[in-house]
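Hello,

Here is the structure I promised to pass on. Have a look at it first, and then read on for what turned up.

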Amino acid sequence: MCEWINVALPKGRLGEKVYKMFAAAGFECPEVLDDTRKLIFENEPKKLRYFWVKPSDVAIYVERGAADVGVAGKDILLEYQPEIFELLDLNIGKCRMAVAAKKGFRDNPERTLRVATKFPRIAGEYYSKQGRDIDIIKLNGSIELAPILGLSDVIVDIVETGTTLLENNLEPTETVVPISARLIANRASFQFKYNEIQTLVNGMKQQLEESK
Ligand code: PRP
């Protein structure tokens with residue numbers, strides 16, 4: 001690399017998978033996967049700097065240019081609509097945004113539907129396209145509790161294996177949108193560090209091809 005490239009990785013299992021893809025593509029960096037509390041790692045000769053951030057914060061670092069590139073879930077991109085470039089679908093972290101309700105729930109279209117979610121924009125747009133009147137209840141986690149306790153009629157949430165729904169006697173009723181991890185770039189970095197970022201993207205594309 002001619003210019004330093006800052007990469008924001010989402011902390012956790014998905015981020016580790018992503019880093020392994022970067023490393024296999026030739027963008028390795030010592031200690032990134034070590035069991036340490038350190039957050040920033042550098043490969044000086046390759047001018048690469050990785051840092052671990054909370055998955056939902058990656059897009060903020062990239063949008064504001066603290067990171068040139070990063071990896072974020074499509075759910076976060078749809079919900080917060082950061083001004084970034086989406087470069088590549090990494091085909092990992094695959095899940096879906098779905099509507100779920102208590103088993104046997106029947107919607108009565110005459111009444112406002114109470115929807116609990118961490119994703120008010122995604123849920124709002126989904127129902128507004130259907131012309132359905134809803135009341136959004138924004139929660140920050142354990143969304144599955146809401147219909148069980150009568151706080152909401154349905155939830156709009158991420159479903160991966162479906163285990164959380166099953167174990168709480170809920171069932172998915174509709175898919176809102178498929179989700180996966182995306183490689184994203186800061187808009188100015190993409191212009192000024194075009195060659196470096198393109199090298200990264202091509203390396204990742206090759207990894208994707210080889211894993212097919
Ligand atoms: C997400 C989501 C579901 C769960 C779905 O929660 O909100 O609760 O994963 O996964 P499953 O279909 O494989 O069971 P997360 O772990 O992000 O925690 P949260 O409670 O903060 O939403």
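Let me start with a question: which residues of helix 4 (residues 120–129) are buried? They are Ile122, Ala123, Tyr126 and Tyr127. Viewed down the axis of helix 4, the buried residues fall within an arc of 115°, so they line one face of the helix. That spacing is what one would hope for, because an α-helix has 3.6 residues a turn and residues three or four places apart point the same way. On the other side of helix 4, Ser128 and Lys129 are exposed.

Before going further, please keep in mind that this is a predicted model. As for the overall picture, the protein has eight helices and 11 strands. The C-alpha trace spans about 65 × 35 × 35 Å along its principal axes. Of the 212 residues in the protein, 43% are buried.

Next, strand 8, which covers residues 134–138. Two of its residues are worth a look together. Ile137 is found in strand 8 and is buried, since its relative accessible area is 18%, and the cut-off for buried is under 20%. Ile137 is 18 residues from Phe119 in sequence, and their C-alpha atoms are 9.7 Å apart in space. Lys138 also lies in strand 8, but Lys138 counts as partly exposed because its relative accessibility is 43%.

Lys138 also belongs to a group on the surface: together with Lys11, Arg37, Lys54 and Lys118, Lys138 gathers in a patch of positive charge.

Now to the charged pairs. How many salt bridges are there? The count comes to 10. Here are some of them, with their surroundings.

Glu28 and Lys46 meet through their side chains in a salt bridge, with 3.1 Å from N to O. This pair links distant parts of the chain, 18 residues apart: Glu28 sits in the loop between helix 1 (13–24) and strand 2 (40–43), while Lys46 sits in the loop between strand 2 and strand 3 (48–53). Both ends have some access to the surface: Glu28 is partly exposed, with a relative accessible area of 32%, and Lys46 is partly exposed as well, at 30%.

Arg114 and Asp153 form another salt bridge between side chains, at 3.0 Å from N to O. Here too the pair links distant parts of the chain, with the two positions 39 residues apart: Arg114 belongs to strand 7 (residues 113–117), and Asp153 to the loop between helix 5 (145–148) and strand 9 (154–159). Is each partner of this bridge buried or partly exposed? Arg114 counts as partly exposed because its relative accessibility is 28%, whereas Asp153 is buried, with a relative accessible area of 19%.

Glu42 and Arg49 pair up in a salt bridge too, and their closest N and O atoms are 2.6 Å apart. Glu42 has a relative accessibility of 38%, so Glu42 counts as partly exposed.

Finally, there is a network of salt bridges that links Lys74, Glu86, Asp89 and Arg182.

If you open the model, I would begin with helix 4 and its buried face, then turn to the patch of positive charge that includes Lys138.

Happy browsing, and best wishes

Terms used:
Residues numbered from 1 in each chain as written. Predicted model: local features only at pLDDT ≥ 70, side-chain atom pairs only at ≥ 80, totals over all residues. Heavy atoms only, no water. Patch = residues over 30% accessible without salt bridge, like charges linked within 9 Å, V, L, I, M, F, W, Y side chains within 5 Å. Areas by Shrake-Rupley, 256 points an atom, 1.4 Å probe, with all protein chains shown as cover. Salt bridge = Lys/Arg side-chain N within 4 Å of Asp/Glu carboxyl O. Lys, Arg positive; Asp, Glu negative; His and termini not counted. Charge placed at Lys NZ, Arg CZ, Asp CG, Glu CD. Helix = DSSP H or I, 4+ residues; strand = E, 2+ residues; numbered from the N terminus. Buried < 20%, exposed > 50% of the residue type's maximum accessible area, 1.4 Å probe, protein only. Arc of directions from axis to C-beta.
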